[in-house]
Amino acid sequence: MATDAYEVKRGIIGKPKVAYKCAKCHNDLESDLTDAGKKDICPFCKAAFIVPGQRELNKIQDAKKQKEAEKTRKDEERRAAKAESVRQRAEWLRLQEEEERTRCEEEQRQAEATRDENVRAEGEGDKTKGILGILAAVVVVVATIVFIMVKLGNADKRRR
Ligand SMILES: [Zn+2]
């Protein structure tokens, strides 16, 4: 490994590490990749240096940011879908309510129409009864007159 060479080690568990050699004493050193770009001091020779691996760290952080953005976007989509479903449900309920109201109004209208019809029918029934009564009275009177006339006629015949 050259003095400015380094290796990023990404274990399945734990933080990624960056392995490198001290530029001055060439001892093997290792830092957390999250320290890349920061100043450090060699524990062997006390030489100051910048921890390498900035590019890899940036890449990892970018990927993380992208993943977070993707998650935020998906969360947003889920929220929007839920809001839409709530809106549709409310709309459905509103339509149901409207339908129910229309149905009630229709029923009320029909009930009123039926009542009016009954009142009218009753009125006509009364009229019919009146006419029938008058007719019956007329028939009785005519029959009585005819009966009397027939009786008188018979009495007349007998007298002759
Ligand atoms: Zn050193």
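**View 1. Strand 1 and strand 2 of this predicted model run antiparallel.** Strand 1 covers residues 6-9. Four bridges join strand 1 to strand 2. One bridge brings Lys 9 together with its partner in strand 2, Lys 17.

**View 2. Strand 2 shows two faces.** In a regular strand, side chains alternate between the two faces of the sheet. Strand 2 follows this alternation. Val 18 and Tyr 20 point to one face, and both are buried. Lys 17, Ala 19 and Lys 21 point to the other face, and these three are not buried. Find Lys 17 again here: Lys 17 is the bridge partner of Lys 9.

**View 3. Strand 2 also pairs with strand 3.** This pairing is antiparallel and has five bridges. Which residue of strand 3 is the bridge partner of Ala 19? The partner is Glu 30. Next to Ala 19 in the sequence, Val 18 stands opposite Ser 31 of strand 3.

**View 4. A hairpin links strand 2 and strand 3.** Six residues lie between the two strands. Strand 2 covers residues 17-21, and strand 3 covers residues 28-32. His 26 sits in the loop between them. Most residues other than glycine have a negative phi. His 26 is not a glycine, yet its phi is positive, at about 60°. Is His 26 buried or exposed? His 26 is partly exposed, because 13 other C-beta atoms lie within 10 Å.

**View 5. Lys 46 lies in the loop between strand 4 and strand 5.** Strand 4 covers residues 39-41, and strand 5 covers residues 48-50. Lys 46 has a positive phi of about 65°, although Lys 46 is not a glycine. Why does Lys 46 count as exposed? It has 10 other C-beta atoms within 10 Å, and a residue with 12 or fewer is exposed.

**View 6. The largest nonpolar core has eight residues.** In soluble globular proteins, nonpolar side chains tend to be buried together. The members here are Tyr 6, Val 18, Tyr 20, Leu 29, Leu 33, Ala 36, Val 51 and Leu 57. Val 18 and Tyr 20 come from the buried face of strand 2. Which residues does Val 18 touch, leaving out those up to four places away in sequence? They are Tyr 6, Val 8, Ser 31, Leu 33, Ala 36, Val 51, Pro 52 and Gly 53. Ser 31 also stands opposite Val 18 in strand 3.

**View 7. Arg 55 lies in helix 1.** Helix 1 covers residues 54-159. Arg 55 is exposed, because 11 other C-beta atoms lie within 10 Å. Along the chain, Arg 55 and Ala 36 are 19 residues apart. Their C-alpha atoms are separated by 8.6 Å. Ala 36 belongs to the largest nonpolar core.

**View 8. Domain 1 meets domain 2.** Domain 1 covers residues 1-52, and domain 2 covers residues 54-160. Six residues of domain 1 are in contact with four residues of domain 2. On the domain 1 side, four of the touching residues are nonpolar, two are polar and none is charged. The C-alpha centres of the two domains lie 85 Å apart.

**View 9. The protein chain has one helix and five strands.** Along the sequence the pattern is β-β-β-β-β-α. The C-alpha atoms fill a box of roughly 175 × 20 × 20 Å along the principal axes. A compact globule of 160 residues would have a radius of gyration near 15 Å, but this chain has 55 Å. Buried residues make up 6% of the 160 residues. Now take the contacts between residues at least 6 apart in sequence. Of these, 17% join residues at least 24 apart.

Technical notes
Residues are numbered from 1 along each chain as its sequence is written. This is a predicted model: local features need pLDDT of at least 70, side-chain atom pairs count only at pLDDT 80 or more; totals for chains, interfaces and linings use all residues. A residue is buried if 20 or more other C-beta atoms lie within 10 Å of its own, exposed if 12 or fewer, and partly exposed in between; C-beta atoms are placed from the backbone. Two strands pair if DSSP finds at least two bridges between them. A nonpolar core is a set of buried Ala, Val, Leu, Ile, Met, Phe, Trp, Tyr and Cys residues joined through C-beta atoms within 7 Å. Two residues are in contact if their C-beta atoms, placed from the backbone, lie within 7 Å. Domain bounds come from an automatic or database domain assignment. Ala, Val, Leu, Ile, Met, Phe, Trp, Tyr, Cys and Pro count as nonpolar, Asp, Glu, Lys and Arg as charged, and the others, Gly among them, as polar. The radius of gyration is taken over C-alpha atoms; the globule rule is 2.2 Å times the number of residues to the power 0.38.
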